[in-house]
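I opened this model to take notes on its confidence, its overall form, its cores and a few local elements. The entries follow the order in which I looked things up.

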Amino acid sequence: MSKQDDHHDSTSEDVSTARRDFLKGIGIASLLGATGTGLGATGAGADEFLRMDGLEVVDDPIGSYPYRDWEDLYREQWDWDSKARSTHSVNCTGSCSWEVYVRNGQVWREDQAADYPEFDESLPNPNPRGCQKGACYSDYVNADHRVLHPLRRAGERGEGKWERISWDEALTDIAEEVVETVAEEENYDAVSGFTPIPAMSPVSFAGGSRLVNLLGGVSHSFYDWYSDLPPGQPITWGTQTDNAESADWYNADYIIAWGSNVNVTRIPDAKYFLEAAYNGTKRVGVFTDYSQTAIHCDEWLSPEPGTDTALALGMARTIVDEGLYDEPHLKEQTDMPLLVREDTGKFLRADEVSGLTVDADRPDHVFVMQDAAGELRAAPGSLGDRDGQHDADASIELGFDPRLDVDRTVRTTGGSVAVRSVWNNLRDELSTYTPEHVHDVTGVGRQTHQEVAREFAEVDRAKIIHGKGVNDWYHNDLGNRAIQLLVTLTGNLGRQGTGLDHYVGQEKIWTFHGWQTLSFPTGSVRGVPTTLWTYYHCDVLDNADPETSRRVREAIDNDWMPVYPEERPDGSRPDPSVLFIWRGNYFNQAKGNVALEEQLWPKLDLVVDINFRMDSSALYADIVLPTASHYEKYDLSMTDMHTYVHPFTPAVEPLGESKTDWQIFRELAAKIQALAEERGIEPIPDRTFDREIDLQSIHDDYVRDWESGEAGALADDRAAAEYILEHSEETNPHDADERITFDDVDEQPRRFLATGDHWTSDIEEGEAYTPWKDYVQEKEPWPTFTGRQQYYVDHDWFLELDEQLPTHKPSPTLQDKADYPLRYSTPHGRWSIHSTWRDSERMLRLQRGEPVVYLNPEDMAERGIEDGDTVRVYNDLDGVEVQAKRYPSSEPGTARMYFAWERFQYPDRNNFNSLVPLYMKPTQLVQYPEDTGEHLHFFPNYWGPTGVNSDVRVEVERVAGDGDADGDGGDEE
């Protein structure tokens, strides 16, 4: 019997009974532990159980050890009936394999599996992987807030009043609403599905996405909504974040951890950062506070919050002024030699230059350089000179030596035009960032940032680990582009130990094709940027500044960004109607959740949350469906932090009436199909796509393998997991006989065999994965308009806003500093992954057990606040009551509240996001080129407007306690 099946010896009824009995025992043990006494008739027995008679010192535990029966409880921790391989489907980039031990049908404990195969003996061993949060996941399996039965709201949303209903009632209620919305109203694009990050459990992701796709509904982005997406990367590199696996950190000579608190947020991988020191790597930290990672760095730079762009540009100026840049890299790999018209600010195009002929279908999309002899040349690899966005047959390799420094007049078809190279334009921009100016803006020493820039440029292999701390700001795209500029100037791309690694949120999925076709079988997908969707349906446009409103409406009217439901032929636009949430906590993570509750939620006729615990989104739902926990299902797990795939397997049966995500949506599809058949609902023509939405076959379509046509092939979770592995290049390469199966990864994590087209390097034996080799080493064009790393953007909006090159701009805020003097930030914390584990008793014991705001002692003294006081953090949007914690490592002038505490953990049912407005930067709504959009176009989690967390100001005041007779908030004795 295989180990993934050895827990199925007992019947489900036996297992459920055993787990119920165990839980009863847990309840009694907890009570005894709390009181130290028994209850009623059980008192004597309890006292006897707790008494440790005959306790004596054992001098020689090996030679002579008396038997004491009460110690058996601890001995039995190492005894089990079965074990299974699983992991934790949370929004983190860990993807750690665990062994889950089961006794009497109950998860007894979990251990790090520690059997990742080692692929390079020169690197630290990849084992073990895990953190304190994963080690306590078994507490969640049987937690008090575990949802065990379908629930229907019995009071107001968020009131917490529920009635237990049967699965049939729940599915019927949902199916009735879906059928009415899709068939009777033909508002299928008013049905939305929100779930994050497919890499953490792609089968569970696909469970709901597959049904929403078959319904003609809308799938929501998440990477941009969470403000995790670094928009500067698609702007500059034309691709979603592609990172080296963390083992490659060890190959670097120099690492800058820029806003990435790896010792807190990347615990399973922090060893590579720490052990790199033994390899001679110098580590520099750029953090506003003296963070848990900063203490392990050789140098610590602490810029003023929101000034990272100015710091990076000051460092770039040092590199340029002192000639420390990699000139061959800049000439071949970047847009620096390209010529720009002085009159329009646009790139000079080949079709504009008299006498310059090019062999290209679109000469207006071919750019121009000047060679060393002064002749104008077409830049190879421009968008107009290649077939499609990704063209491995094209090349950016130069057959001539272009000049970087160009300032001249060119004869065009419209007359003489002054042109300058991007390089010269960049040097003009950098001229602003003198050491004095950088110091004035950032507070970082004049010599300090220059010295770090020199060291970074002079080593052979330098790397930046770029964190979410830069992404939370309104001008995050400028910050990204400025920091990226440092690795580009120094040629630190496309080699081991180099690059800019951004491990926030998305966990770029390896098994892409299998996941994509499983999730979206029709191939016709309605995707929406969640930030824009939320912004629009919360009616923020009516209150935004006129310029922002104008640009948002223009982006929608130009079809640069979609909003659903789409506008109808008569000019009307329905409200969203049905929202499914699973594997995520949309309501809790919502920026501007005051507007969400007041404006968006009343528009929704039905909110369904599929969850194993009662989180904030479940609390504000209409129907909550109990889903299997991570130890109760089949699925897969992967991450861009490493190059392995491993599985979830069910260690125990789903508790109560729980079902897996795949099973829930499959059964909902069956209920919808039964209703449609009963009512004789005919197929509905899709307004946009060449397809019909057939509710009478939706279940049959759900379980059908659309690749092979086999009916019923995907009825269960494990078959869906096998489908992903079979249909993905990474696990079943087209040009190899070897493939990876589910049995393989259940036995041991397996390293991927290849990379799909969405990755930028190959998997190489004995090498840590490092991106960008396709472009830097193989000379393929970068997937940008210019075919190069593109720092100059000649889109009209970028030109109008003076953002054609990275530049520092002060952060806009809605709050006046005079009224709200403290900056407000909500970084990721050590004791949770987003809201998961925020309510874990074991994790709460390692902190203060309730929401906390971290304040600098100077700010506390100024306000008469002592450590542990209850304070009110507020601005013009809302206020929250929390405990104050003294944090000397913080910079003065900042209130820091580590997110993501649940709303029910605050006395007034607000939370950390109640103080954050809905911000959106218009430049992140563009399509580029404006006519075709190959470089920048909306694609979920690739390009779209990000949420903004940090451009917020607050004030903090002490809340008067019982000891304050006059209520003046003074210190208590």
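**Entry 1, confidence.** I began with the confidence values, since this is a predicted model, and I found a mean pLDDT of 90 for the protein chain, with 93% of its residues reaching 70 or more. I then looked for the weak stretches and noted that pLDDT stays under 50 over residues 1-46, for which the model has 50 contacts beyond four places in sequence. Residues 965-973 also stay under 50, and there the model has 14 contacts beyond four places in sequence. Where pLDDT is low, the predicted coordinates should not be read in detail. I therefore take neither the contacts of residues 1-46 nor those of residues 965-973 as something to read in detail.

**Entry 2, the chain as a whole.** I counted 30 helices and 32 strands in the protein chain. The C-alpha atoms fill a box of roughly 100 × 75 × 65 Å along the principal axes. For 973 residues a compact globule would have a radius of gyration near 30 Å, and the 29 Å of this chain agrees with that. Of the 973 residues, 62% are buried, and among contacts with a separation of 6 or more, 74% are between residues 24 or more positions apart.

**Entry 3, the nonpolar cores.** I asked which residues of the largest nonpolar core touch the most other members. They are Ile256, Trp258, Phe580, Tyr586, Trp601 and Leu695, in a core of 177 residues. Helix 5 (residues 167-184) gives the largest share of this core, with 9 residues. A second, separate core has 24 residues, including Val880, Val882, Met897 and Tyr906. I followed Tyr586 further and, leaving aside residues up to four places away in sequence, found that Tyr586 touches several aromatic residues, among them Phe194, Trp225, Trp533 and Trp601. The list for Tyr586 also includes Thr530, Thr534 and Ser617.

**Entry 4, helix 13.** In helix 13 (residues 435-442) I noted Pro435, Val438 and Thr442 as buried. Why do they lie on the same side of helix 13? They cover an arc of only 65° around the axis, which puts them on that one side. An α-helix has 3.6 residues a turn, so residues three or four places apart point the same way. The buried residues of helix 13 pack against helix 10 (308-321) and helix 14 (446-458). After helix 13 comes Gly443, which has a positive phi, near 85°.

**Entry 5, strand 27.** Along strand 27 (residues 822-825) I saw Leu822 and Tyr824 pointing one way and Arg823 and Ser825 the other, with all of them buried. Strand 27 pairs with strand 32 (residues 953-958) in the antiparallel sense over 2 bridges, and there Leu822 stands opposite Val954. With strand 31 (residues 894-896) the pairing of strand 27 is parallel, over 3 bridges, and Tyr824 stands opposite Ala895.

**Entry 6, a sheet of 3 strands.** I ended with an open sheet in the order 22-23-26, in which the pairing is antiparallel. Strand 22 (635-637) and strand 26 (750-751) are at the edges, and each has a single partner strand, so one side of each is left without a neighbour in the sheet. Strand 23 (residues 644-648) pairs with strand 26 over 2 bridges in the antiparallel sense, and Tyr644 stands opposite Arg751 of strand 26.

Key:
Residues are numbered from 1 along each chain as its sequence is written. This is a predicted model: local features need pLDDT of at least 70, side-chain atom pairs count only at pLDDT 80 or more; totals for chains, interfaces and linings use all residues. Side-chain values use heavy atoms; hydrogens and water are left out. Buried means under 20% relative accessible area, exposed over 50%, partly exposed in between (1.4 Å probe, protein chains only). The arc is that of the directions from the helix axis to the C-beta atoms. Contact means heavy atoms within 4.5 Å. pLDDT is the predictor's confidence in each residue, from 0 to 100. Two strands pair if DSSP finds at least two bridges between them. A nonpolar core is a set of buried Ala, Val, Leu, Ile, Met, Phe, Trp, Tyr and Cys residues joined through side-chain atoms within 4.5 Å. The radius of gyration is taken over C-alpha atoms; the globule rule is 2.2 Å times the number of residues to the power 0.38.
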